[in-house]
Amino acid sequence: MNLDSYKTDHNISILNRCKILITGIKSVDSFDENIICATTADDVSLIVEGSGLEVCDVNLVKGVIEANGVFNGLYYNESTSVKKSFWGLFGK
């Protein structure tokens, strides 16, 4: 796998609700012990909610973020998505 595929592929792995690995991240916008906000390579906002969250590793060259804690939810905010703009052309 070449380095560019880390930047474009978007994958999420969660182990026992206490460890998460996310690839395909363009930026980490903010984080604290209850929420992690990031932007994926395709410009979609990704929100991870939980408690006791701790970001262990961020490598934006590879587009990877790793965190520990108790994960309760994972959400996408489509308002920044290119896909939403495209579907807006069709009245959706």
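**Entry 1: T39**

I began with the burial of T39 and found it buried, with a relative accessible area of 12%; buried here stands for under 20% relative accessible area, exposed for over 50% and partly exposed for anything in between, with a 1.4 Å probe and protein chains only. I note at once that the model is predicted, that local features need pLDDT of at least 70 and side-chain atom pairs pLDDT 80 or more, whereas totals for chains, interfaces and linings use all residues. Residues are numbered from 1 along each chain as its sequence is written, and side-chain values use heavy atoms, with hydrogens and water left out.

I placed T39 in strand β4, where strands are DSSP runs of E with at least two residues, helices are runs of H or I with at least four, and both are numbered from the N terminus. Setting aside residues up to four places away in sequence, I listed I25, K26, S27, D29 and V44 as the residues that T39 touches, a contact being heavy atoms within 4.5 Å. One of these, D29, also makes a polar contact through its side chain with the side chain of T39, at 2.8 Å. By polar contact I understand a pair of N or O atoms within 3.5 Å, of which, within protein, one must be able to donate a hydrogen and the other to accept it, while residues adjacent in sequence count only if both atoms are side-chain atoms.

**Entry 2: β4 and its two partners**

How much of β4 is buried? I found five of its six residues buried, so the strand is largely enclosed by the rest of the structure.

On one side I followed β3 (residues 25-31), which pairs with β4 in the antiparallel sense over five bridges; two strands count as paired if DSSP finds at least two bridges between them. Reading across this pair, I saw I25 bridged to T40, S27 opposite T39 and S30 bridged to C37. The two strands form a hairpin with three residues between them.

Turning to β5, I found that β4 and β5 run antiparallel and are joined by five bridges, with A38 standing opposite L46. Their hairpin has four residues between the strands, and D43 takes a positive phi near 65° there.

**Entry 3: positive phi values**

D43 is not a glycine despite that positive phi, and I noted that it is partly exposed, with a relative accessible area of 28%. I then looked up N16, another residue other than glycine with a positive phi, in this case near 50°. N16 sits in the loop between β1 (11-15) and β2 and, at 67% relative accessibility, counts as exposed.

**Entry 4: the sheet and the chain**

What is the order of the strands in the sheet? I read it as β1-β2-β6-β5-β4-β3, an open sheet of six strands with antiparallel pairing. The edge strands are β1 and β3, each of which pairs on one side only. Neighbouring strands are turned by 40° against each other on average, direction ignored; the axes are lines fitted to C-alpha atoms, for helices over the stretch in contact, and angles run from 0 to 180 degrees between N-to-C directions.

For the chain as a whole I counted two helices and six strands, running α-β-β-β-β-β-β-α from the N terminus on. Of the 92 residues, 29% are buried. Among contacts between residues at least 6 apart in sequence, 46% join residues at least 24 apart. The chain exposes about 5,800 Å², of which carbon and sulfur atoms supply 54%; accessible areas come from the Shrake-Rupley method with a 1.4 Å probe, and for residues only the protein chains shown count as cover.

**Entry 5: the largest nonpolar core**

Finally I looked up the largest nonpolar core and found twelve residues, namely I20, I22, I25, I36, A38, L46, V48, L53, V55, I65, A67 and F71. Such a core is a set of buried Ala, Val, Leu, Ile, Met, Phe, Trp, Tyr and Cys residues joined through side-chain atoms within 4.5 Å. Two or more residues each come from β2 (19-23), β4 (35-40), β5 (45-59) and β6 (64-77), and β5 gives the largest share, four residues.

Taking I20 as a sample from this core, and leaving aside its neighbours within four places in sequence, I listed its contacts as I12, S13, I14, V48, I65, E66, A67, F71 and L74.
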